Amino acid sequence: VTNNLVVYLDSFGSVAITPQDVDQNSWDSCGVDTLYLDVYAFNCSDIGSNTVILTAVDIYGNTSSSPSTVTVMDTIAPEVITQNISIYLNASGQYNLSPNEVDNGSWDSCGIATFSLDTSSFSCSDTGVFSVQLTVTDVNGNQNSAIAQVTLSDTSSPNMLTQSITIYLDASGDASITPNMIDDGSNDNCAIDTLYLDEYDFTCADTTSQIVTLIGIDKSGNTSSANAVVTILDTAAPTIVTQNLTLYLNQDGEASVSAASVDNGTFDNCAVDSIWISDTLFTCADTINTQVITFFARDVSGNVNSSLAYLDLYDTIAPTVSAQNLVIYLDSFGDANIFPSQVDSNSLDNCGIDSSWISQNTYDCSNVGDTVTVLLFIKDNSGNVASDSATMVTLDTIAPQVISQNITVYLDSFGSAS
């Protein structure tokens, strides 16, 4: 006679029974000698109902058997063993944690069916240390859990993207840039916290190309950098300041002027390299009208500017007068006329003689024998007048013209006539 039995696997996944566990007072009239079973041991593969045969042998060797149902159960939860780990966000700022990363050898006597985590997806906002729960379910539905410490870090440096730019010096010869001017879409798997440059300000000394470095720091303190070319240009032409001049022709009828004399404080945001003017030499012909010249200035960057200046030229040098003494001969009428050209002895002027005259140009018999001082006046083309004196001596060298006539005379009483 048998009874049904429920048994539980031990922590090693096994259980054993004896004939007495299923025997329900089996008997024999002469006496039972031996009881035995066809199956004594059970393991994980036997979970559920199992039929076992109990056989009884009496003292004379007679046997009899009866079945019994043995129900094998697994009620022991898995042993969960975890490990603390460090994980790192990927390039997208994400991390998907799998159970096997925190599992450190969890086991079950009958076998584990599933591993699961209470939290498995992480992003930038999760950086730091936190706890996750690993739950293990065995093949028979028993569960157990344990905690693991997870340290999540962002060690990816920002991806720095730069662009080269051109900037222009201002009127003071300065120029400044900002990180945003150099940045060309720098990014980070989480977020960039700060952008800064190794150089912000530039002056005239920096013209042409300069290398600047853009540095990015993300919210986790990771840094990265990239270079860019900054081209600094000075396109501001010099500011021209000129002055009008009054010039005086020299003895040769010329006047020269320099750019420095026309300049009246020309300046540039960087520096003036050179100055020049369109005309430097002027002559008598330029005194007629005010002369307009162009003043040029070039800065150290090659920018050129110009402005007009006005020159008034004057000839204030009087003619050099040279008069010569003359001897004047009266004509047959007792008169004489002289001209300035007769008195002039190569008078000259730096710009040319316009006209000449003398203080006395007519003479007659009343002047014969006298020494007369006359003045020769010369006026040049600019209206300057000068004079020189000469001595005029008047002579009458023409003999009288004798006209005779025939006459008849008569002697007087004394025999003479006159």
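**Notes on the sheet, the core and the disulfides**

1. Four strands make up an open sheet with mixed pairing, in the order E19-E24-E23-E21. Its edge strands are E19 and E21, each of which pairs on one side only. From one strand to the next, the twist averages 30 degrees. Keep in mind while reading that this is a predicted model.

2. Inside that sheet, have a look at the E23/E24 pair. These two strands run antiparallel to each other, with eight bridges between them. If you want one spot to click on, take Phe296: its bridge partner in E24 is Ser306.

3. Now the packing. Which residues have the most contacts inside the largest nonpolar core? They are Leu247, Val257, Val262 and Leu311, in a core of 18 residues. At least two residues of this core come from each of strand E19 (245-248), H4, E23 and strand E24 (304-314). E19, E24 and E23 also appear in the sheet order of point 1.

4. Leu247 deserves its own look. Setting aside neighbours within four places in sequence, its contacts are Ala255, Val257, Phe282, Leu311, Asp312, Leu313 and Tyr314. Two of those partners, Val257 and Leu311, are named with Leu247 among the core residues with the most contacts.

5. On to the cysteines. The disulfide count is four. Number the bonded cysteines in sequence order and the pairing reads 1-2, 3-4, 5-6, 7-8. For anyone coming to this cold, a disulfide is a covalent bond between the sulfur atoms of two cysteines.

6. Cys124 and Cys190 are one such pair, with sulfur atoms 2.0 Å apart. Why is this disulfide called left-handed? Because the torsion about its S-S bond is about -95 degrees. Cys124 sits in the loop between strand E10 (121-123) and strand E11 (128-138), while Cys190 sits in the loop between helix H3 (179-182) and strand E15 (192-197), so the bond ties together parts that are 66 residues apart in sequence. As for accessibility, Cys124 is partly exposed at a relative accessible area of 25%, and Cys190 is partly exposed too, at 23%.

7. Next comes Cys204 to Cys270, with an S to S distance of 2.0 Å. The torsion about the S-S bond is about -90 degrees, so this disulfide is left-handed. It links distant parts of the chain, 66 residues apart: Cys204 is in the loop between strand E16 (201-203) and strand E17 (208-218), and Cys270 is in the loop between helix H4 (259-262) and strand E21 (272-277). H4 is one of the contributors to the core in point 3, and E21 is an edge strand of the sheet in point 1. Cys204 comes out as partly exposed, with a relative accessible area of 23%.

8. Cys284 and Cys351 are joined with S to S at 1.9 Å. This link is left-handed, with -85 degrees about the S-S bond. Cys284 is in the loop between strand E22 (281-283) and strand E23 (291-299), and Cys351 is in the loop between helix H5 (340-343) and strand E27 (353-358), so the pair ties together parts 67 residues apart in sequence. Are these two cysteines buried or exposed? Both are buried, which means a relative accessible area under 20%.

9. Two more cysteines to check in the viewer: Cys30 counts as partly exposed at 46% relative accessibility, and Cys365 is also partly exposed, at 48%.

Notes: Residues are numbered from 1 along each chain as its sequence is written. This is a predicted model: local features need pLDDT of at least 70, side-chain atom pairs count only at pLDDT 80 or more; totals for chains, interfaces and linings use all residues. Side-chain values use heavy atoms; hydrogens and water are left out. A disulfide is a pair of cysteine sulfur atoms within 2.5 Å. Buried means under 20% relative accessible area, exposed over 50%, partly exposed in between (1.4 Å probe, protein chains only). A nonpolar core is a set of buried Ala, Val, Leu, Ile, Met, Phe, Trp, Tyr and Cys residues joined through side-chain atoms within 4.5 Å. Contact means heavy atoms within 4.5 Å. Two strands pair if DSSP finds at least two bridges between them. Axes are lines fitted to C-alpha atoms, for helices over the stretch in contact, and angles run from 0 to 180 degrees between N-to-C directions.
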